[in-house]
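Reader: Hello! I am new to this structure and would love a close look at a single part of it.

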Amino acid sequence: MFLTKLEEKMLSGEYGEAVALAMKVIVKVGESLGAEKLVKVRHVHVSGVSYSNIGEPGARFIEKLAKLGGRVSVYTTSNPTCIDLYGSTRIFDEKLVMGQKKINSALEKMGISPSYTCIPYLISKPSVSEHLAWGESNAVAMANSVYGARTNREGGPLTLLAAIVGRTSYAGLHLMENRVARTLVEYTAFSKLDDYWGSLLGLYIGDNISDIPFVKGFSEASFLGIKELLASAAATGSHGLIVLDGITPRESYSVDINEKIIVDEKELRNYMDKISTQYDDKGYILAYVGCPHLTLNELNKLANLVNQYTKIKSNVKFLVTIPYMYKGVVDDIVTILRKKGIEVAYGTCPIVSRLREKPDLVITNSGKALFYLKKLHGLEVSLASIEDMVKEVMVK
């Protein structure tokens, strides 16, 4: 691999032990990917920071980098952790608090912004063709597909090392030649794409298409619908880029279609019957919104919706997860939600956490949450739009 003189000095240890270690791993990974050189990145988003997921071995790795003097050299944000950082909810298990705080302390010592969210594109909006090193699957799909930026789906430890050296491998989706849509997906179910149909279509694409899809057919799509589509496809598949007709910046991809798939309403409803548990209003129900974390507009929409109801049903707990940095910004909205009995957690989500009590059923608008809560936690999960969820679990 070609290295600049500066990169050679970083590798040789001239800039410290942490930089040398990070550069050594970045170069080795790049060589394994066939990269001819490294590329500078403007923004790194670090994933794999939940103590629930990485445990003591992962915590020791992060703490070691901090003790070696590791400091980020570019703007760096962090994924959600496994605890509610303001401790205002009782839904999550609190046994992991101390372990998570060790990780957070080491991350912040290295200069990582304590964003603790999975939607870094709302903190710092990517530009077309801008190189990034992001490690959160839904964020990677949004960066490439909506903003036309360039990032691979980086592994958690690799993002931390990329943040220290400010570089990653010039390979994969960083190269225009690898951003070619080859499967045309004609979506014919509805002209409008909301969170429910976005989730369902995304899960279906991830399950059935392996190369880069070109999706067309909806004339109107909410931001939430797009978010859920991309997050869901990145969950069931490994998609870092899904070309969305009329949305993905034209100069950020090329097209060479060799297969066409029509996805209609019947196909999606049949798929839905296979992956989603039928809703049953018995036992302990957990209603969950916020995967990926809600934006300010989405939080406002939810507050307006629940204001039409009096309270949640007695057998239901209703959880909303939002970015850590929203504290102090959305207090009025959170007050409205809490008056209705809804719990709001900052900087975490059930996918990277452990629940204090196992629900009999989860109802959510997120295809990604459906996939991971079933796979990682063995829960029964039912998919519904936000409007239908609120209607099912609240009373007037």
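Reader: In which strand does Thr-364 lie? Please take me through its surroundings.

Author: Happy to. Please keep in mind that this is a predicted model. Thr-364 belongs to strand 16, which covers residues 361–364. The residue is buried, because its relative accessible area is 0%, and the cut-off for buried is under 20%.

What does the side chain of Thr-364 reach at 2.9 Å? The partner is the backbone oxygen of Tyr-288. Tyr-288 also appears among the residues in contact with Thr-364 once neighbours within four places in sequence are left aside. That list further holds Ala-369 and Leu-370, then Val-381, Ser-382, Leu-383 and Ala-384, and finally Met-389.

For a second stop, try the loop between strand 12 (285–289) and helix 10 (296–306), where Pro-292 has its place. Here the peptide bond from Cys-291 to Pro-292 is cis, and its omega is near -5°.

Another loop worth a visit joins helix 4 (97–109) and strand 4 (132–134), and Tyr-116 lies in it. Tyr-116 is a residue other than glycine, yet its phi is positive, near 45°. With a relative accessible area of 2%, Tyr-116 is buried. Ser-129 has its place in the loop between helix 4 and strand 4 too. Its phi is also positive, about 70°, although Ser-129 is not a glycine. Ser-129, however, is partly exposed, with a relative accessible area of 29%.

Key. Residues numbered from 1 in each chain as written. Predicted model: local features only at pLDDT ≥ 70, side-chain atom pairs only at ≥ 80, totals over all residues. Heavy atoms only, no water. Helix = DSSP H or I, 4+ residues; strand = E, 2+ residues; numbered from the N terminus. Buried < 20%, exposed > 50% of the residue type's maximum accessible area, 1.4 Å probe, protein only. Polar contact = N/O pair within 3.5 Å; in protein donor to acceptor, adjacent residues only side chain to side chain. Contact = heavy atoms within 4.5 Å.
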